[in-house]
Amino acid sequence: MKKTTLAIGIVAVLGIAYVGTSWYTGNMLENHIDHQLTQITNKVNQSQDDFTFSVTQSHYQKGIFSTKLHLTVTASPQNATGEDTQPKTFFDDDVTIHHGPFPIAALAKGTFVPQMAWLEYEMTEQANTQLWKLAGNQPFITGHVGVSYGEYLTVKLASKAINVTQDEFPSIDGGFELGKGDYTIKSNSNGSDISTNIKIDKLSLTYPISFKSKPVSLVINKFVMNQTNVLNNTTNTVDGSFSSSVDSIIYGQQNLGNGSLDINFKGLDKHLFSNQLGMGESGSEDADKKHNIQLSLNKFNWHTPAGDINANLMFDLSDVDSVAIDEADYDKINTLKLKLEAPFDVLAHLSAQIENPNANDVTPEQVAKANQNLQFMSALMISNSQFLTTSNGETKGIYSDVSLTKDSDEVSVNGKTVTKEEFFDHL
């Protein structure tokens, strides 16, 4: 009996504590929601120059475990005249915010980290009738927003597949198809640490071609993008990464192949990301700061039935004070390594495919003609370039193999050795 009584007492205490925490969280939200909405609005307005957004809340109703309110989001064009200056309403609907520490809605999504607030969203028919119909009389966008007690923000949205034609929008001259999409954005409260993940099953655009009877379509299958940006407050620079891939690009009837891209960077000037990170212009305190820059193209690959195009780059530069690099900075280069492999056979096959999108395949004659044109244009381009060549010793194409290090006065360029002075003079 004593054990049973103790267990009941523990459950009761935990239940009271949970209710108290949820109520306290609700009070926190009520006291800070206007400030938070102002912060979010400011960041959105700083991130672009086309619209001025406004977010307001009304009909606030706080409960123990959730809060209901009405949100209205409008946008006014910044550079418009006449009727175009009128604000447009992008969102005007009721939302429910679930209080922490463990909202049932968050647990249902597999999120077990304590959350201060959790907002579930489904686009209503009233919000956008056309998108509702295009999505099969369902919400076009669903998702949630989670805010942890450390005020780390996570936004996850999913979109339904839609197909837009002239039947729905007579003004468009073609068609557009968007497959299912998943979009995730994570950020801390001040916006200095942002990660973005985008996955889209399919993107398709169909449009007429001048002087041709058949329309042409451009289809991108399984597009994926990941990006992270982290602000270093000590140096006022940004470290991060970017990667992207597509399973295939279909142009008309032609499969142009698949590809991937992977980039890392360190020490880039923060003003290159000032809009995205919500930072304004710098003051005089940043004028004399030095930056150590590292840029690494770990991989670029485009794979086709005719072969591959590959490139990678490593660039390391010390003690620069601007985003532009001039001759005075050449002796600050610690490492420069570039490798490019683009065979003419691959480039010519792609060129022939783009020239003949609605053919089932390209002919050897079409590829040979494209190859001849590419070699002629490349000869003109490469004649004045020291670090590009039209052969790697085995196949014709556009190639580059450059290696430069700070501790050597010589540079390896496509199998030859030149002095740094000669190399930079011919850039």
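User: How many bridges join β5 to strand β6, and how do the two run?

Analyst: Two strands pair if DSSP finds at least two bridges between them. Helices (H or I, at least four residues) and strands (E, at least two) are DSSP runs, numbered from the N terminus. Here seven bridges join β5 to β6 (residues 153–159), and the strands run antiparallel. V145 has V155 in β6 as its bridge partner. This is a predicted model, in which local features need pLDDT of at least 70, side-chain atom pairs count only at pLDDT 80 or more, and totals for chains, interfaces and linings use all residues. Residues are numbered from 1 along each chain as its sequence is written, and side-chain values use heavy atoms, with hydrogens and water left out.

User: Which strand does β4 join, and which residue stands opposite E122?

Analyst: Strand β4 (residues 115–122) is joined by seven bridges to β5 (residues 141–148), again antiparallel. E122 stands opposite T142 in β5.

User: What lies between β5 and β6?

Analyst: The two strands form a hairpin with four residues between them. E151, in the turn, has a positive phi of about 60°.

User: What is the general rule for the sign of phi, and which other residues have a positive value?

Analyst: Most residues other than glycine have a negative phi. N137 has a positive phi near 55°, and K222 has one near 50°. N137 is in the loop between α3 (129–134) and β5, whereas K222 is in strand β11 (residues 216–232).

User: Is N137 buried or exposed?

Analyst: Buried means under 20% relative accessible area, exposed over 50%, partly exposed in between (1.4 Å probe, protein chains only). N137 is exposed, at 51%; K222, at 45%, is partly exposed.
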